[in-house]
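Subject: Structure for you to look at, with notes

Dear colleague,

I am passing on the structure we spoke about, and I would be glad if you could open it beside these notes. Please read them with the model in view.

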Amino acid sequence: MADTYLGPKSPCLYTFPFTFSPFSGASPRSLSFSLMASNCSSTTHQPSLLVFSGGTAFNGVVEELKKLTTRVAHVLPVSDDGGSTAEIVRVLGGPAVGDIRSRCLRLSDQSTSEARAVRILLGHRLPLDSPRAKSEWYEIVEGSHELWQGVSKPYRETIRAFLAYFQDQILRRSDESFCFSNGSIGNFFFAGARIFFQSLDAAIFLFSRVSDIPAESFVLPVISTNERLTLGCELWDGTVIRGQNEISHPTHGFMQPIDKDASSAPALPSRIKRVFYMSSEGSNLLHEVFPTVNPTVLEQLRSVDCIVFGMGSLFTSICPSLVLLGVGETISLRSCPKVLLLNGTHDRETSGFSASCFVTAITDALNRTYGDHHNCLTNPPNKYINTLLVPKNGLIPVDIESLGSQGIFNVVTVDSIHDPKVGVLFDPKSLIQALSNLLTDEWA
C-alpha cells in the first residue's frame, strides 16, 4: 500500500540516512570538508583536478574520469534560466540549480540497486503535457509512483520530505501558477532543500549525500548565493542580450524543452564581446552587477594538480565562471597544467571560431578585458592555458601559428566519436587517457 500524503512536513521530522542533522550545530560545508578529510587516505595518490564546465557537455566523460581520479572539483555556473529551472526561478526565485543537479547525478553511485533507483528517481522528468505532468507529480510526492520501487524507507522519507516542502512553497505562492511540464524531480528536490536550509551549499551537501557522490569530489557553484542570478552578454555590434538561454538556445519567451545538444540555433547577429551578470530585481534590469566568487573555488584553484576548461558552450557555460574577481588572478599564478578541451563543432556562440579564438575568449574573460577598467588584468594567454586537447576530425580549425603566437605549443589530438545529434565529440576513454598522460609527464 502506498504511503498517504498528509501535506507538507518539516524535513527535519524524518531520519536522515546519513550523518547530517540540521540541529547538529555544524554547517553542511564544514561537514562535507570533514567527510572529505576522513576519506582522503585512500585517494591521496590520485591527481586532483578542477574543471570549469556547464551541466551538459562534460557530463559525457564524468564516468570515465572517475576511473582516473575522484579528487575533482566541478565548478558550475548558477545562471541557467532554461527548461524547468526557469519555472522554479520564476515562481520561487533563487539561483539556477539544473547544472549542479545534473553533475551530482552523473557523479552518483550506481553500485547497488537502491543507488540506481535513487538516481533514476532524481533524474526523472515529468511529461510535456501539463495535466499529465501535474498528475504524475502528485503520484510521486504522495509516494504511490512506481519510481519509488527499490528506494528504502530512510531515503524515501528524506526525499519525499523535501519534495513535499517544495510543493508547499509553490502552494504558498497563490498568485503564481506553477507549470510542471517537463519538470525535473531532481530540480524540485534541490529547490526544496535550498529553500528549507536557506543555503545553496547546504542543498548541495544534502543532494550529494542522497545521491552518494564520492566524498572527495566537490560540486561547486561558482557563486554561492541564495539569490537569483541573470547572465547577460554584449555583442561586438553593441547589442545586449539578457538571459543565458536567450544567448545560447533562444525560445523567444515560450515555455518549451531546451535541447542543449542541438547546434542548429541561428547564429548571433554579431560575435560575443563579453558576458557579465545583470540585476534581476528593480526597475533597471540592464544594470551590471558584480557577484563574489565562491571562496572554495579559489581555495581549490590554489591547490589542485591540474586546471581544466571543459568543452561546451563557451560563453554561457565556461566564461560565467571566469569573469569573477579573483579567478584570473589565482589561475595566472599557478604553474600546473592548464588544459583547454576544444569543442568538436561550432555552435550559436562560436560560429566561425578557430582554436585561437577560444583561447582569446577565455583570456579576455579571465582578464576581464572589456569590464570595469579598474579591475582589468593584462596577462597573456599562456598564463591561463598551456595545453590544448583537440578531438580528431573536429570542425574547429586548429590554427597552430596563431596558437604559437599566444604562447601555446602543446596541442594534442585525441580520438573522437561521432554523435548524430551533436557531431564530433571526444572519445571519453581516449580523453581521460590523454589527461592521465599529461599528469604523468608533469610528475615525472
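The notes below go from the whole chain to one cavity and its lining, and then to a few single residues.

Please keep in mind throughout that this is a predicted model.

**The chain as a whole**

The protein has 444 residues, of which 57% count as buried, and its secondary structure comes to 16 helices and 13 strands. If one takes the contacts between residues at least 6 apart in sequence, 73% of them join residues that are at least 24 apart. The protein exposes about 18500 Å², and carbon and sulfur atoms supply 51% of that area.

**The second largest cavity**

Three cavities of 30 Å³ or more are present in the structure, and I looked at the second largest of them, which holds about 50 Å³ of space. Its lining is made up of Thr 85, Ile 88, Val 89, Gly 93, Gly 94, Pro 95, Ala 96, Val 97, Ala 191 and Arg 194. By character, these residues divide into six nonpolar, three polar and one charged. Helix 3 (83-92) and helix 8 (185-197) each supply at least two residues of this lining, and the largest share, three residues, comes from helix 3.

**Helix 3**

Helix 3 is itself mostly covered, since eight of its 10 residues are buried; they are Gly 83, Ser 84, Thr 85, Glu 87, Ile 88, Val 89, Val 91 and Leu 92. Among the elements that cover these buried residues are helix 4 (98-107), helix 7 (153-172) and helix 8. The helix is followed by Gly 93, whose phi is positive, near 75°, and Gly 93 is also one of the residues that line the second largest cavity.

**Arg 194**

Which residues does Arg 194 touch, if those up to four places away in sequence are not counted? They are Leu 92, Gly 93, Gly 94, Pro 95, Ser 199, Leu 200, Ala 203 and Asn 226, and with Asn 226 there is a polar contact between the two side chains, at 2.7 Å. Arg 194 lies in helix 8 and is one of the residues lining the second largest cavity. Arg 194 counts as buried because its relative accessibility is 4%, and the cut-off for that class is under 20%. The C-alpha atoms of Arg 194 and Ile 204, which are 10 residues apart along the chain, are separated by 8.2 Å.

**Two positive phi values outside glycine**

Most residues other than glycine have a negative phi, and two places in the model may therefore deserve your eye in the light of that general tendency. Gln 198 has a phi near 55°, a positive value in a residue other than glycine, and its place is in the loop between helix 8 and helix 9 (200-210). Asn 393, which is not a glycine either, has a positive phi of about 65° and is found in the loop between strand 10 (387-391) and helix 15 (400-405). Are these two residues buried or exposed? Gln 198 counts as exposed, at 53% relative accessibility, and Asn 393 is exposed as well, with a relative accessible area of 61%.

**Other exposed positions**

Ser 405 has its place in helix 15 and is exposed, with a relative accessible area of 65%. Ser 405 and Asn 382 are 23 residues apart in sequence, and their C-alpha atoms are 9.8 Å apart in space. Pro 266 sits in the loop between helix 10 (244-248) and strand 6 (272-278), where it counts as exposed because its relative accessibility is 55%, the cut-off being over 50%. Pro 266 and Glu 349 are 83 residues apart in sequence, with 9.6 Å between their C-alpha atoms.

**Helix 11**

At the start of helix 11, a side-chain oxygen of Asn 294 reaches to within 3.0 Å of the backbone nitrogen of Thr 296. Thr 296 is among the buried residues of this helix (residues 295-303), together with Val 297, Leu 298, Gln 300 and Leu 301.

With best regards

Notes: Residues are numbered from 1 along each chain as its sequence is written. This is a predicted model: local features need pLDDT of at least 70, side-chain atom pairs count only at pLDDT 80 or more; totals for chains, interfaces and linings use all residues. Side-chain values use heavy atoms; hydrogens and water are left out. Buried means under 20% relative accessible area, exposed over 50%, partly exposed in between (1.4 Å probe, protein chains only). Helices (H or I, at least four residues) and strands (E, at least two) are DSSP runs, numbered from the N terminus. A polar contact is a pair of N or O atoms within 3.5 Å; within protein, one must be able to donate a hydrogen and the other to accept it, and residues adjacent in sequence count only if both atoms are side-chain atoms. On a 1 Å grid over the protein atoms alone, a cavity is a set of points where a 1.4 Å probe fits but cannot get out, and a pocket is an open set with protein on both sides within 12 Å along at least five of seven lines; lining residues have an atom within 4 Å of a point. Grid points are joined across faces, edges and corners, and a volume is the space filled by probe spheres set on the points. Ala, Val, Leu, Ile, Met, Phe, Trp, Tyr, Cys and Pro count as nonpolar, Asp, Glu, Lys and Arg as charged, and the others, Gly among them, as polar. Contact means heavy atoms within 4.5 Å. Accessible areas come from the Shrake-Rupley method with a 1.4 Å probe; for residues, only the protein chains shown count as cover.
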